[in-house]
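Me: Could you take a close look at one part of this model, the aromatic pairing, and then work outward from there? I'd like to know what sits around it and how the rest of the fold is put together.

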Amino acid sequence: MKCSAKIGLIAALACLLTLSGCAKKSTEAAGPPPQFAPLVTVTRASAHDVPVYLEEIGRSGAFETVTVTPQISGRITERHFEDGAELKKNQLLFTIDPRPYQAQLDSTQAQLAQSKAALDLANTQLKMYASIADTRAVSQIDLETRKNTVAVDQAQVQSAEAAVENAKLNLEYCFIHSPIDGRAGMRLVDVGNVVQTNTTGLLVIQRLDPIYADFTITEGDLPEVQRELARGILQARVRLPTDPPDRARQGKLTFVDNAVQNATGTVNLRATVPNADHHFWPGQFVNVTLVLATTKGAVLIPNQATQISQQGPYVYVVKPDGTAEMRQVTLGQRQGDAVVVTKGVSDGENVVVTGQLTVMPGIKVRVQGEGGPGNGAPGGAPPGKSPNSGAPKS
């Protein structure tokens with residue numbers, strides 16, 4: 001029995017070796033496997049007019065800021081607004097107790113009436129003395145005295161009139177109005193507080209429309225900004241860091257500082273931006289794109305199409321025969337989700353957007369969404385249209 005088992009095992013091994021050799025010969029006869037054509041998506045490089053710009057970070061600031069302070073002393077008796085309210089120019093804000101100032105006005109008006117009565121009497125006496133001066137019934141010195149009395153009374157009337165005007169002005173100051181259109185901050189005093197002239201802040205009001213975007217540029221960029229500014233007004237696109245690039249608000253550069261900051265080597269600039277919906281708030285960080293010029297007919301490709309090697313950036317271009325060609329490229333500025341190619345790709349060429357890791361120079365590729373390799377139509381982009389619709393426009 002043991003001898004029969006050994007013989008069966010040897011026969012089985014011989015059979016396996018025979019089958020393995022047959023399979024190897026069959027594989028060798030079939031030849032190498034066919035070349036794999038990787039699946040890629042492509043888009044057509046397209047020419048557009050694009051801006052040349054500086055990208056900076058800044059802060060928004062109120063167009064006008066006013067700290068309301070009292071111009072008289074007294075006790076606050078009324079408040080006529082709510083914190084954070086939208087205020088109109090000349091809107092009543094606070095009332096200071098007007099009774100002392102009303103009494104002062106009444107007193108000055110009484111003094112004015114008294115001075116006018118004295119002036120009338122002095123004029124009457126002067127006329128009487130003048131009428132009998134030729135008869136020598138009065139001396140010349142008495143006549144001159146009456147003239148002097150009239151002059152003094154006239155001066156007293158003018159002084160009393162000035163006192164009345166000052167008392168009226170103080171009474172007006174009891175009613176504090178908003179000097180600008182703007183948004184109220186948090187009140188700084190409550191009813192019942194006694195405030196002092198020009199020392200106690202009552203409220204801060206800020207005008208939010210339009211709004212400023214303050215930012216800096218390096219002194220190396222200043223000459224180019226000055227050259228372009230001499231040709232006309234520069235446009236600035238301002239957005240919050242959370243806003244998408246295509247939602248930037250259009251503004252204008254309205255200020256360039258007159259000196260370079262010694263500590264930082266930068267220059268302060270300011271753009272003015274419409275802000276009717278209060279999208280921007282004073283003190284917020286903002287992204288500012290200062291548009292300097294426009295490049296005509298720049299070639300754009302999606303930024304994701306570019307790859308980096310030791311020799312620099314490159315892209316894969318699908319030629320008309322369906323093969324992939326690696327091109328070293330020179331890149332310009334980003335334009336949203338696209339990037340400018342200044343050298344290496346021409347308008348209308350098809351650039352690989354996805355699938356680059358499976359592509360090698362010279363091999364055939366299959367374009368996703370097309371009937372076969374080598375068609376070269378942009379995947380997912382209608383013919384004649386650029387897929388880079390999000391790129392900024394001048």
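**Aromatic pairs and their surroundings**

Reply: Let's start with Phe63, which is partly exposed, with a relative accessible area of 26%. Keep in mind that this is a predicted model. A search through the whole structure turns up three aromatic pairs. One of them joins Phe63 to Tyr212: the ring centres are 5.1 Å apart and the planes make an angle of 40 degrees, which puts the pair in the tilted class. It connects distant parts of the chain, since Phe63 belongs to strand E2 (residues 46-68), Tyr212 belongs to strand E9, and 149 residues separate them. Tyr212 has 15% relative accessibility, so it counts as buried.

Another pair is made by Tyr314 and Tyr316, with 5.8 Å between ring centres and 90 degrees between planes, so this one is edge-to-face. Here both partners are covered: Tyr314 is buried at a relative accessible area of 14%, and Tyr316 counts as buried at 6%.

Those two tyrosines have numbers inside the range of strand E15 (residues 312-318), so let's follow that strand: it runs antiparallel to E19, joined to it by two bridges. At one of the contact points, Val318 has Asn350 as its bridge partner in E19. On E19 there is also a pairing with strand E1 (residues 39-44), again antiparallel, over four bridges. Within that pairing, Val42 stands opposite Val352. Strand E19 (residues 350-354) has four of its five residues buried, so the rest of the structure largely encloses it.

Now back to E9, the strand of Tyr212. The largest nonpolar core contains 31 residues, and Leu93, Phe94 and Leu203 have the most contacts inside it. Strand E9 (203-218) supplies at least two residues of this core, as do E5, H2 and H3. A second, separate core of 21 residues includes Leu54, Ile217, Val238 and Leu253. Nonpolar side chains in soluble globular proteins do tend to be buried together.

Which residues does Leu93 touch? Beyond its neighbours up to four places away in sequence, the list includes Val68, Phe81, Leu87, Ile176, Leu203 and Ile205, along with polar or charged company such as Glu78, Arg79, His80, His177 and Ser178.

Leu93 also leads us to a sheet, since its number falls in strand E5 (residues 92-96), which pairs with strand E3 (residues 74-79) in the antiparallel sense over three bridges. One bridge there sets Ile76 against Ile96. Zooming out, E3 and E5 belong to an open sheet of four strands, ordered E6-E5-E3-E8, with antiparallel pairing. Strand E6 (175-177) and strand E8 (194-195) are at the edges with a single partner strand each, so one side of each has no neighbour in the sheet.

The helices that feed the big core are worth a look too. Helix H2 (residues 99-131) has 33 residues, which should span 48 Å at 1.5 Å a residue; the end C-alpha atoms are 49 Å apart, so the two figures agree. Its buried residues are Tyr101, Leu105, Thr108, Leu112, Ser115, Leu119, Ala122, Leu126 and Tyr129. Helix H3 (140-173) is part of what covers them. H3 itself has 34 residues and reaches 50 Å from first to last C-alpha, close to the expected 50 Å. Its own buried residues include Leu143, Val150, Val157, Val164 and Leu171, but also Asp153 and Asn170. The buried residues of H3 pack against H2 and E6, which ties the helices back to the edge of that sheet.

One more buried residue deserves a mention: Glu228, in helix H4 (residues 222-231). At 13% relative accessibility, Glu228 counts as buried. Apart from neighbours within four places in sequence, Glu228 is in contact with Leu234, Leu292 and Ala293.

For the overall setting, the protein has four helices and 20 strands. Of its 394 residues, 34% count as buried. Among contacts between residues at least 6 apart in sequence, 76% join residues at least 24 apart. The accessible surface comes to about 22,900 Å², with 54% of it belonging to carbon and sulfur atoms.

Notes. Residues are numbered from 1 along each chain as its sequence is written. This is a predicted model: local features need pLDDT of at least 70, side-chain atom pairs count only at pLDDT 80 or more; totals for chains, interfaces and linings use all residues. Side-chain values use heavy atoms; hydrogens and water are left out. Two strands pair if DSSP finds at least two bridges between them. Buried means under 20% relative accessible area, exposed over 50%, partly exposed in between (1.4 Å probe, protein chains only). Contact means heavy atoms within 4.5 Å. The expected span of a helix is 1.5 Å times one less than its number of residues. A nonpolar core is a set of buried Ala, Val, Leu, Ile, Met, Phe, Trp, Tyr and Cys residues joined through side-chain atoms within 4.5 Å. Accessible areas come from the Shrake-Rupley method with a 1.4 Å probe; for residues, only the protein chains shown count as cover. Rings of Phe, Tyr and Trp (its six-membered ring) pair if their centres lie within 6.5 Å; planes under 30 degrees apart count as stacked, over 60 as edge-to-face and the rest as tilted.
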